Amino acid sequence: MYLVNFLKNLQFFGAVAIPFFLEWAKISYTRIFILEAFFMFWIFVLEIPTGVIADKYGRKVSIVLGGLFSAISISIFGLINNYWAFFLAEFIGAIGFILLSGADKALIYDSLIQTKKDKDAKVFLSRYESAGTLGILIGFPLGSLIAGSSFLPYPKTLPLTFIISGIFLLLTFFVALTLTEPKRKEKVKDFFKEGIDGFKYIFKQKKLRIFALNFALISATTFFMFWFYQSLAGVVGIDVKYNGFIGAGFNLFSMLLLLNIGKIEKLFGMKNMLFYSAIIPGLFFIGLFFFRNVYFVLVSIFIITGLKIMRSPILSDFMNKHIESRNRATVLSGVSMLEKIIVMILYPIIGLLADFSLWATFLFLGIATLIFSLMNRIESEHIE
């Protein structure tokens with residue numbers, strides 16, 4: 001499973017996806033984000049049938065098929081330069097994403113229970129996440145070096161990053177075939193119903209509602225930096241071959257923040273840490289509208305992405321404290337669904353704005369982030 005996670009995260013295209021769409025496929029931001037909204041829509045629709053595969057036919061089957069569908073999806077992007085073919089790739093990719101999502105960790109946990117190592121689950125799951133992070137840290141820089149190489153005339157090198165990623169995803173499929181799944185007895189779940197029930201539960205509980213909205217809204221606006229950092233780097237004159245190093249850099253920065261959460265909390269206090277980690281990304285987004293030099297751009301990319309990633313486990317922990325055990329899976333499904341809906345709504349809006357002005361887009365994201373931060377501010381009484 002460590003190898004599965006490493007291989008599926010060797011995303012050589014990850015740091016050059018925007019140049020691929022803009023310079024190779026020749027499509028606008030609006031059309032890019034319509035594609036991504038389409039991808040998000042199918043994740044909703046397919047959550048129930050793909051969940052049935054994992055629960056009824058086994059996690060191994062789900063992971064094997066997830067690797068295969070993901071490989072086909074990414075390969076289509078690399079082999080066919082056609083906007084409508086990209087919709088097919090996104091549809092197949094949504095199937096692969098959902099098949100892999102959750103089934104991997106569930107299989108690991110079931111295996112740990114069978115081998116009576118479930119007390120050390122945090123250790124094994126941390127190693128699993130580290131294997132995936134290692135894949136990103138290797139894949140991003142190598143992908144951008146391939147894109148910026150003279151192997152083929154630019155931008156013909158861009159689809160090559162998708163083809164290579166597809167090959168490694170196909171290796172994920174073959175590695176997954178070697179997995180052994182422990183026996184279990186579970187009922188098939190209705191994941192969509194869980195999400196709806198979770199929605200209702202979130203808005204009935206005041207403290208939980210504040211945590212969930214703070215998490216989903218701030219996460220949704222700061223999420224767009226993962227899309228725009230490549231364009232930002234290009235605008236300030238950074239060559240595409242360095243994109244992967246920027247991507248690897250902010251992932252490492254995020255890891256450092258997560259490893260030092262205790263020290264950061266001690267320095268600022270939990271209430272202030274949550275408030276500043278929401279306000280600061282908004283201010284940096286707005287700052288990009290006024291300061292467009294390479295140094296401010298790089299700092300902004302690292303700060304916005306780093307704080308977004310840092311906030312996630314903290315707020316997840318607080319939400320779990322306000323959820324009864326019997327409702328935990330249902331409510332967390334609802335929170336996840338809430339964030340995806342917000343992102344899906346924002347996709348076409350942000351795409352239209354970006355085609356009008358990249359800098360105006362950052363101003364909009366900054367103002368939205370500040371408003372969301374103040375509307376759903378977490379106070380001391382919420383934490384206690």
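Just after helix α6 comes Lys116, a residue with a positive phi near 60 degrees. Helices here are DSSP runs of H or I with at least four residues, strands are runs of E with at least two, and both are numbered from the N terminus. Lys116 is not a glycine, and its place is the loop between α6 (103-114) and α7. With a relative accessible area of 75%, Lys116 is exposed. The cut-offs behind that word are simple: buried is under 20% relative accessible area, exposed is over 50%, and partly exposed is in between, using a 1.4 Å probe and protein chains only.

A word on the source: this is a predicted model, in which local features need pLDDT of at least 70 and side-chain atom pairs count only at pLDDT 80 or more, while totals for chains, interfaces and linings use all residues. Residues are numbered from 1 along each chain as its sequence is written, and side-chain values use heavy atoms, with hydrogens and water left out.

**Helix α6 and a second positive phi**

The helix before Lys116 has the span one would expect: the 12 residues of α6 should cover 16 Å at 1.5 Å a residue, and its end C-alpha atoms are 16 Å apart, so the two agree. The expected span is 1.5 Å times one less than the number of residues. Among the buried residues of α6 are Ala103, Leu107, Ile108 and Leu112, and also Asp104 and Asp110.

Lys26 also has a positive phi, about 60 degrees, although it is not a glycine. Lys26 sits in the loop between α2 and α3 (29-57) and is exposed, with a relative accessible area of 63%. For another backbone detail, look at the peptide bond from Tyr154 to Pro155: it is cis, with omega near 10 degrees. Pro155 belongs to the loop between α7 (121-147) and α8.

**Two helix pairs around α8**

Two packed helices are described by the angle between their axes and the distance between the axes. Here the axes are lines fitted to C-alpha atoms, over the stretch in contact for helices, and angles run from 0 to 180 degrees between N-to-C directions.

| Pair | Angle | Axis distance |
|---|---|---|
| α4 (residues 59-79) and α8 (residues 158-176) | about 165 degrees | 8 Å |
| α2 (residues 17-24) and α8 | roughly 130 degrees | within 9 Å |

The angle of about 165 degrees between α4 and α8 makes α4 roughly antiparallel to α8. By contact we mean heavy atoms within 4.5 Å. In this pair, residues of α4 including Ile63, Leu68, Ile74 and Phe77 meet residues of α8 including Phe162, Ile163, Leu169 and Phe173. The residues of the α4 contact with α8 divide into 14 nonpolar, 6 polar and 1 charged. In this scheme Ala, Val, Leu, Ile, Met, Phe, Trp, Tyr, Cys and Pro count as nonpolar, Asp, Glu, Lys and Arg as charged, and the others, Gly among them, as polar.

How do α2 and α8 compare in direction? They are oblique to each other. Angles under 35 degrees count as roughly parallel, over 145 as roughly antiparallel, 65 to 115 as roughly perpendicular, and the rest as oblique. On the α2 side, Pro19, Phe20 and Trp24 meet Leu158, Pro159 and Phe162 of α8. This contact divides into 6 nonpolar residues, no polar and no charged.

**Two residues with partners far along the chain**

Is Thr369 buried or exposed? Thr369, a residue of helix α17 (residues 358-375), is buried, with a relative accessible area of 0%. Setting aside residues up to four places away in sequence, Thr369 touches Ile218, Thr221, Ala278, Gly282 and Phe285. Thr369 and Ala278 are 91 residues apart in sequence, yet 7.2 Å apart in space, C-alpha to C-alpha.

Glu129, in helix α7, counts as partly exposed at 37% relative accessibility. Beyond its neighbours within four places in sequence, Glu129 is in contact with Asn5 and Lys105. The C-alpha atoms of Glu129 and Tyr2 are separated by 8.2 Å, although their positions lie 127 residues apart along the chain.

**The whole chain**

The secondary structure of the protein comes to 18 helices and 0 strands. Of its 384 residues, 53% count as buried. Among contacts with a separation of 6 or more, residues 24 or more positions apart account for 83%.
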